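Dear colleague,

I am passing on the structure we spoke about, with the sequence alongside it. Please have both open while you read the notes underneath.

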Amino acid sequence: MAQIGIASDHAGFALKEHLKKFFETRGIGYVDYGTTSEDSCDYPDYAHALAKGIEQGDCEKGVAICGSGQGIAMTLNKHAHIRAAIAWIPEIASLARQHNNANVLVLPGRFISNEEAEACFEIFMKTAFEGGRHQQRVDKISF
């Protein structure tokens, strides 16, 4: 498995730190794009860093976390080659991969448990993109 990029704002910091430990216990390499504390910060700074890391090939996929998941997802999706999907249950994480070829899993840090986040991550990483009719839709996302 290629390295995973991970980023959060202050509201997602605790979950980000938990997931880093989760990655380490499973031998998953990662690049941490910040933030480094629970001090108030701006999610776009870390979303842009993660997106650039993926675009430059430093990581294949990413995980991003903010309070609701909305702001960091909106910022990530401004990048042409990023398809960031918010998930809070494994079924949604799976569908984001199957139908949308999502390459960033976005988690709502204030609304998801550590265990739910782990389950979403695991299914996100092992689910393949189905292609076919979904590919033509994905191709229409960027213009």
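The notes below go through the aromatic side chains and then the backbone.

Please keep in mind throughout that this is a predicted model, and that the values given here are computed from it.

A search of the whole structure finds four aromatic pairs. In one of them, Phe22 and Phe23 are tilted with respect to each other, with 55° between the planes and 6.4 Å centre to centre. Phe23 also forms a tilted pair with Tyr30, where the distance is 5.9 Å centre to centre and the angle between the planes is 55°. Phe22, Phe23 and Tyr30 belong, together with Phe121, to one aromatic cluster.

As for how these rings sit with regard to solvent, Phe22 and Phe23 are both buried. Phe23 counts as buried because its relative accessibility is 0%, and the cut-off for that class is under 20%. Tyr30, by contrast, has a relative accessible area of 22% and is therefore partly exposed.

A charged side chain also meets an aromatic ring in this model: Arg97 lies over the face of Phe124, at 5.9 Å from the ring centre.

Turning to the backbone, there are two places that you may wish to look at on screen. The peptide bond that joins Gly34 and Thr35 is cis, with an omega of about 5°, and Thr35 is placed in the loop between strand E2 (30-32) and helix H2 (43-55). Asn101, although it is not a glycine, has a positive phi of about 50°, and this residue, Asn101, lies in the loop that runs between helix H4 (90-100) and strand E5 (104-108).

With best wishes

Methods
Residues are numbered from 1 along each chain as its sequence is written. This is a predicted model: local features need pLDDT of at least 70, side-chain atom pairs count only at pLDDT 80 or more; totals for chains, interfaces and linings use all residues. Side-chain values use heavy atoms; hydrogens and water are left out. Helices (H or I, at least four residues) and strands (E, at least two) are DSSP runs, numbered from the N terminus. Rings of Phe, Tyr and Trp (its six-membered ring) pair if their centres lie within 6.5 Å; planes under 30 degrees apart count as stacked, over 60 as edge-to-face and the rest as tilted. Buried means under 20% relative accessible area, exposed over 50%, partly exposed in between (1.4 Å probe, protein chains only). A charge sits over a ring if NZ of Lys or CZ of Arg is within 6 Å of the ring centre and within 35 degrees of the ring normal.
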